[in-house]
Amino acid sequence: MARTDSPIPTDCTRKPMSTTPSFDQITPPTDGARIRKDDDALHVPDRPIIPFIEGDGIGPDIWAAAQNVFDSAVHHAYDGDREIVWMEVFAGGKAQDEYNEWLPQDTLTAIEEYLVAIKGPLTTPVGGGIRSLNVALRQQLDLFACVRPVRHFEGVPSPVSEPELVDMTIFRENSEDIYAGIEYREGSPENEKIKRFLIDEMGADTIRFPDSTAIGVKPISEEGTKRLVRSAIDYAIERGHDSVTLVHKGNIMKFTEGAFRDWGYEVAKEDYDAEDLDGGPWQVITTDDGREIIVKDVIADAMLQQILTRPNEYDLIATMNLNGDYISDALAAQVGGIGIAPGANINYNTGLALFEATHGTAPKYAGMDKVNPSSVILSGEMMFRYMGWDKAADLIIEGLETTIKQKRVTYDFERNMENATLLKCSEFGEAIVENMG
Ligand SMILES: NC(=O)C1=CN([C@@H]2O[C@H](COP(=O)(O)OP(=O)(O)OC[C@H]3O[C@@H](n4cnc5c(N)ncnc54)[C@H](OP(=O)(O)O)[C@@H]3O)[C@@H](O)[C@H]2O)C=CC1
Ligand SMILES: O=C(O)CCC(=O)C(=O)O
Ligand SMILES: [Mg+2]
């Protein structure tokens, strides 16, 4: 049985609202209009204002190549009747320069007001310094689903023998888990306090080295789990997928990851009238048009083996934040690497969506015009589909597929391909444009 509240249908005909949000330092463009959502539909004007964050490290290189592809795809698809009105907003290094802050309020306001945005990667130091700006954006905007489709493009070199069998979409819970940042440094008074509480009051007797232990907390909630699993099931219903796999390590983390599994099955039963498959716990949902969607579960370590040995048995994956982070890079490697792995951070209730590449800032390649821009380009392709601009999205896929088949590729593919032509990041973007339609 299908719920009706998402994925969000689009309506490209309605007139935009006229109110303009106020900013400290940004002047919004006057020649575009806002995307907005009401009555569960996304309303996209012909000249939508879309905020973008260029990103750190390789961000400026891949953004320049991608923006060229996006503008060309829209122009080719709609012959000048539609156009993206880009609005730069700041986070990371560039925000330090512009605002002397890592994540200015202007940026959060812009994404909230304009509803659909796209970003490049942002740097996060390990072991100290600022907490992740990527995670902060997801948490502060409550973008609870990180949606990462992974599939193979013909001709892309891969470390596995049948990469074409990989066609999965990861729904990674984006707002909870150890990413909540509740952790206490070894030796700090807070750490001591929490350790004493655990040992003296809660009877914890398995902290192996209590005098030198850092502590982290892993919050997993019923609400957080259920809204994520609901989004995955709705997506499966809407797009014709045949299974949703709940991935967890519930045998060890019984009350967090184990509860994720149980709450996931509860959603299937309570919201979609699912029935036990062969006595359970697997569930089967029958959609309004008579299709069957299996909701099943796999333990996370086994899943990392299964995606290599039986990739064709998996379709949509719903999992918690850390598992999703690991699985998305591992799966991306099977289809050619994180240079070609797109993603989106979405709140399916509010419609707010921030599209972004799966990879990071790859600092050793920054400014070299070298890396593969496909990840952010395909994130834009997802963005166009989300907006209902499928013709532009189709042109991007056509341009990318043809360019790869011509063996004109960036270093990451060229090093593993016979007789390929090595292109710079910008040249690869231009080749995609040449090959559109
Ligand atoms: N969402 C985000 O903004 C994310 C940010 N980060 C942050 O990025 C920084 C660097 O992280 P790091 O762990 O080095 O991971 P990265 O993803 O930045 O890079 C790791 C490796 O992946 C390959 N790679 C990455 N991007 C591309 C690309 N576009 N084209 C081709 N190959 C690519 C390169 O491999 P090779 O050298 O083998 O070719 C690169 O050395 C950290 O601060 C991290 O926190 C990390 C992940 C996501
Ligand atoms: O925020 C970061 O630095 C890492 C994020 C990350 O790895 C991801 O989004 O997959
Ligand atoms: Mg990651």
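**Close-up 1. Helix α8 packs across strands β11 and β14 in this predicted model.** Helix α8 (residues 300-309) lies across β11 (243-248) and β14 (292-299), and its direction makes an angle of about 115° with β14. Helices (H or I, at least four residues) and strands (E, at least two) are DSSP runs, numbered from the N terminus. Axes are lines fitted to C-alpha atoms, for helices over the stretch in contact, and angles run from 0 to 180 degrees between N-to-C directions. Contact between two residues requires that their C-beta atoms, placed from the backbone, lie within 7 Å. Residues are numbered from 1 along each chain as its sequence is written, while chains are lettered from A and ligands numbered from 1 in the order in which they are written. In this predicted model local features need pLDDT of at least 70 and side-chain atom pairs count only at pLDDT 80 or more, whereas totals for chains, interfaces and linings use all residues.

**Close-up 2. An open sheet of 12 strands has mixed pairing.** The strand order is β5-β4-β6-β17-β16-β7-β8-β15-β11-β14-β13-β12. Because β5 (85-88) and β12 each have a single partner strand, one side of each of these edge strands is left without a neighbour in the sheet. Two strands pair if DSSP finds at least two bridges between them. Strands β7 (residues 145-151) and β16 (residues 344-346) run antiparallel and are joined by three bridges. Within this pair, valine 147 has alanine 344 of β16 as its bridge partner.

**Close-up 3. Nineteen residues surround ligand 1 and a further shell encloses ligand 2.** Of the 19 residues around ligand 1, the nearest are Pro121, Thr124, Gly339, His359 and Gly360; a residue is near a molecule if its C-beta atom, placed from the backbone, lies within 6 Å of it. The shell of ligand 1 comprises seven nonpolar, 10 polar and two charged residues. Here Ala, Val, Leu, Ile, Met, Phe, Trp, Tyr, Cys and Pro count as nonpolar, Asp, Glu, Lys and Arg as charged, and the others, Gly among them, as polar. Around ligand 2 stand Thr124, Ser132, Asn134, Val135, Asp325 and Thr358. Serine 132, in the loop between β6 and α4, carries the UniProt annotation "modified residue: Phosphoserine" from an unreviewed entry.

**Close-up 4. Threonine 123 and asparagine 372 are among the positions listed by UniProt under "binding site".** The unreviewed entry also includes His359, Tyr411 and Arg415. The listed residues span 293 residues in sequence and the farthest two C-alpha atoms are 26.3 Å apart, so they do not all gather at one spot. Threonine 123 is located in the loop between β6 and α4 (133-140) and is buried, with 20 other C-beta atoms within 10 Å. A residue is buried if 20 or more other C-beta atoms, placed from the backbone, lie within 10 Å of its own, exposed if 12 or fewer, and partly exposed in between. Leaving aside residues up to four places away in sequence, threonine 123 touches Asp56, Gly57, Gly92 and Thr361. Asparagine 372, in the loop between β17 and α10, is buried with 29 C-beta neighbours inside 10 Å.

**Close-up 5. Three loops contain notable backbone geometry.** Glycine 280 and proline 281 are joined by a cis peptide bond with omega of about 5°, and proline 281 lies in the loop between β12 (275-276) and β13 (283-286). Leucine 115, between α3 (105-114) and β6 (116-119), has a positive phi near 75°. Aspartate 369 likewise has a positive phi, near 50°.

Definitions and conventions
UniProt positions renumbered as here; feature names shortened; annotations may be inferred.
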